[in-house]
Amino acid sequence: MAIFPQTSTAFPYSGTARRPALRYVGPNWYATVMGTSIVASAGVALPVHVPGLRAVCALVWVLAALMLAAVLTARAGHWASHRDQARSHLLDPGVAPFYGCLSMALLAVGGSGMVVGKDVIGHQAALVLDVVLYTAGTLTGLFIAVAIPYLMMVRHRPAPGTASPVWLLPVVAPMVSAALGPLLVPELPAGQWREALLLACYAMFGLSLLATLVMLPLIFSRLVHQGPLPLMLTPTLFLVLGPLGQSTTAVNALADVAPGAIQAPYASALSAFAVLYGVPVMGFALMWLALAGAMVVRAVRGGMTFGMTWWGFTFPVGTCVTGAAGLARHTGLTAYTWLAVALYVLLVTAWAVAGVRTVRGLLSGVLLAAPQGHAPVTARTA
């Protein structure tokens, strides 16, 4: 989930890097952490055994944790040294939604630490890390889910017909909390504590789902009436998969821990809900994946080059992997097992390509340089 979308006409950007600076490190960089972390957690969630995969996922989690530390440091430096630019990001309707990525990066690293990072640092250390990151990520996500829509209403005031898939980023963050909260439910004392966290996760599930249902028609209407997105923004269409895959992951993960947290009648109902909700939503996710994939092929044929938007191919697809894996557990259908495997192959491929091209852009300085001709920060590519 990815980049600074264009909010105005793009100025040309030369292939020659200017002096790199923290001034141009925006909240979109948290997407690299999210995309890397989901490779680790989705790999462990696969309902098939692949020799050596868990060890590789543990190494990927270490990389994601180091990336989180690096991006947090860079963003702190950005706010400390370039507050004018930071404020302009908040007032830019194309950039502000990416503050939702901060919450999701924290949650993703903490959650993957509980499922695979514990192989490296031990269960207790992973638990402490997840409690800290889950708490910080959830509180940040709930704040952003209100603050960014508020700014859109009172300061941004985007014109009709300009809805973008990036609008989903602030409101999908609580869904990530709902999907990863079940990892902590069994760690709490039985009774009120477990039930409270379980129901809090369902509340965040509802918050995010209903907000997504409000925004999706706006996004689809924009595409139908205004035509395809600009080439460099086409990968952001994959962001729609985020709330779809993550909500399916959430209901299945919550159903897994419900028997130990809530009374039997409700636990059984929640288990049934996981299938009744997840199957049709996964169906819609596959339809959207096909539609977004066709639009990407069109954009590539039209000359789309690499940009930070390509990280949009990672985390959203990863949530569909974990969603399909959850349905495989609860339905027993082999079809969902192979769907999860196929999507994971797509995820790893996208992550490898985006990662290599991002490293190349960092080494050349292009991704951290000022756009030529005072172009808006939204127009950078590599």
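In what order do the elements of the protein run from the N terminus on? Colour the chain by secondary structure and follow it from that end: each element in the series is an α element, from the beginning of the run to its end. The count is 11 helices and 0 strands. Please note that this is a predicted model.

Next, display the whole chain as a C-alpha trace. Along the principal axes, the C-alpha atoms fill a box of roughly 65 × 45 × 45 Å. A compact globule of 382 residues would have a radius of gyration near 21 Å, and the protein, with 20 Å, agrees with this.

Now show the surface. The protein exposes about 15,600 Å², of which carbon and sulfur atoms supply 70%. Buried residues account for 57% of the 382 residues.

Then select the charged side chains. There are 18 positive and 7 negative ones, and the centres of the two sets lie 18 Å apart.

Turn next to the aromatic rings, among which a search of the whole structure finds 7 pairs. Select F205 and F273: their ring centres are 6.2 Å apart and their planes stand at 90°, so the pair is edge-to-face. F205 belongs to helix α7 (residues 192–226) and F273 to helix α9 (residues 264–301), so that the pair links distant parts of the chain, 68 residues apart. Is each ring's residue buried or exposed? F205 has 6% relative accessibility and therefore counts as buried, whereas F273, at 32%, is partly exposed.

Finally, select F238, F306, W310 and F313, which ring pairs link into a cluster.

Terms used. Residues numbered from 1 in each chain as written. Predicted model: local features only at pLDDT ≥ 70, side-chain atom pairs only at ≥ 80, totals over all residues. Heavy atoms only, no water. Helix = DSSP H or I, 4+ residues; strand = E, 2+ residues; numbered from the N terminus. Rg over C-alpha atoms; globule rule 2.2 N^0.38 Å. Buried < 20%, exposed > 50% of the residue type's maximum accessible area, 1.4 Å probe, protein only. Areas by Shrake-Rupley, 256 points an atom, 1.4 Å probe, with all protein chains shown as cover. Lys, Arg positive; Asp, Glu negative; His and termini not counted. Charge placed at Lys NZ, Arg CZ, Asp CG, Glu CD. Phe/Tyr/Trp six-rings, centres within 6.5 Å; stacked < 30°, edge-to-face > 60°.
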